[in-house]
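Me: I would like to go through a protein model and ask, term by term, what lies behind the words used for it.

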Amino acid sequence: MKYWMEKQIHRNKSRVFLGVLIACVMMGGCGSGGDGSASSQSSKSETYEMGGYGYVTENTSVSGEAASDSAAAEEPVLKTELQESSAEPLEENAQTARKLIKTVDLCVETENYDTLIQNLGQQIAALGGYVEYQHQYNGSSYSSYQETRNTNMTVRIPVEHLDEFIVTVGEWTNITNKEERVEDVTLQYVDLESHKKALLTEQDRLLELLGQAESVEDVIAIEQRLSQVRYELESMESQLRTLDNQIDYSTVYLSIEEVKRLTPTQENSVWDRMKNGFGKTIYQIGDGFEDGVIWFVVNIPYFVIWIIVFALTFFLARTIVRKRRRKAEGLQQLNGYQWEENAKDKEAGANAEEAGANAEEALEQVEQEKGSEE
């Protein structure tokens, strides 16, 4: 029984010692990183349970003489290691070059659209860059009879060849708008690297402690912290890779528009402005006349269809009108014939009445003559 109690006390002391070491490792790793205060605060707030016997509180304080003795024994070594690990980033930061992300916006015009697109692709490949995004519009006859083409590109160019690429684009095109932006991410990059190194140091120490662990509870606690450290390491490495890509490859947003006439970009005198304005007006008149002719020729099929429709409508209307006119004339003739017949009948009746009256008069005369003879 006494042997079992001594063994249990020895095991509790070893677990307390492991808890102190883990806390010191977390504080040392966070102290060597860029954000020491936040990381140390998180390490203080974590609690590692060691089999239900020894444990580390929020203030990383332990009870017992064994814990105080082991912490005192490890303190000089840990302080020396922390000082060395915290001094390394400072020396490297002084020698690290500035980390700059360069972004350029270009709006250009060209009269040779197809040739420019082909040459740009070859130039980008020759400089070691690549096209990240491209949207090309070749015009639509449904929206306008005058087809205009344009392209929007997102190009990634190695930073050492950025100026060369911009000069080449300026020689091949007419740049109407240019905007350059530079973002300094040196501090962010150094902080990420320091945090990564601190996590690597903590990972190595946790692996050493894992090899010295004597109980399942110790192994589980150390592996949980290892999983968290490895997850943070992957996150740091992903952010660093993203920054490296943005730093090493500048981003160029290129907007290309096909035009018939390039826009003057230099400032001119009053006389030059008047001359250019007059020439522009003449050009617009000629261009408008040309567009009108093209519009007329393009819409000839519509004109033919409308002419056929109007002709059919006209002939149909004229036929209907003629039929109605003939019908009206026929009715009019029929009415006139009936009127003539009625007039003739009336005249014949009048003549008959007159003849009857004459016959009566003749009979009266004959009777009067007979009476006088008698």
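What follows is an exchange of questions and replies on this structure.

Me: What kind of model is this, and how are its residues numbered?

Reply: This is a predicted model, in which local features need pLDDT of at least 70 and side-chain atom pairs count only at pLDDT 80 or more, whereas totals for chains, interfaces and linings use all residues. Residues are numbered from 1 along each chain as its sequence is written, and side-chain values use heavy atoms, with hydrogens and water left out.

Me: How many helices and strands are there, and what makes a run count as one?

Reply: The protein has nine helices and seven strands. They are DSSP runs numbered from the N terminus, a helix being H or I over at least four residues and a strand being E over at least two.

Me: How do you know that the span of helix 7 agrees with what is expected?

Reply: The expected span of a helix is 1.5 Å times one less than its number of residues. Helix 7 (residues 216–248) has 33 residues and should therefore span 48 Å, and its end C-alpha atoms lie 47 Å apart, which agrees. For helix 4 (residues 113–126), with 14 residues, the reach from the first C-alpha to the last is 20 Å, close to the 20 Å expected.

Me: Why is Val252 called buried?

Reply: Buried means under 20% relative accessible area, exposed means over 50%, and partly exposed lies in between (1.4 Å probe, protein chains only). Val252, which is found in strand 7, has 0% relative accessibility and therefore counts as buried. Buried residues make up 25% of the 374 residues in the protein.

Me: Which residues does Val252 touch, and what makes a pair a contact?

Reply: Contact means heavy atoms within 4.5 Å. Leaving aside residues up to four places away in sequence, Val252 touches Val104, Leu106, Met153, Thr154, Val155, Leu162 and Phe165. Met153 is 99 residues from Val252 along the chain, and their C-alpha atoms are separated by 8.0 Å. Across the protein, among contacts between residues at least 6 apart in sequence, 78% join residues at least 24 apart.

Me: Why are Ser255 and Trp172 classed as they are by accessibility?

Reply: Ser255, in strand 7, has a relative accessible area of 25%, so it falls in the partly exposed class. Trp172, in helix 5, stands at 36% and therefore also counts as partly exposed. Not counting residues up to four places away in sequence, Ser255 touches Leu106, Cys107, Val108, Thr151 and Asn152, while Trp172 touches Leu116, Asn119, Leu120 and Gln123.

Me: How do you know that the buried residues of helix 4 are on the same side?

Reply: The buried residues of helix 4 are Tyr113, Leu116, Ile117, Leu120, Gln123 and Ile124. They cover an arc of only 135 degrees around the axis, which puts them on the same side of helix 4; the arc is that of the directions from the helix axis to the C-beta atoms. On the other side of helix 4, Ala125 and Ala126 are exposed. What covers the buried residues includes strand 3 (100–110), strand 4 (130–137), strand 5 (150–158), helix 5 (162–172) and strand 7 (249–258).

Me: What makes a space count as a pocket, and which residues are closest to the centre of the largest pocket?

Reply: On a 1 Å grid over the protein atoms alone, a pocket is an open set of points where a 1.4 Å probe fits, with protein on both sides within 12 Å along at least five of seven lines, and lining residues have an atom within 4 Å of a point. About 520 Å³ of space lies in the largest pocket, a volume being the space filled by probe spheres set on the points, which are joined across faces, edges and corners. Of its 20 lining residues, the closest to the centre are Val259, Lys260, Arg261, Thr263 and Tyr283. Helix 8 gives the most to this lining, with six residues.
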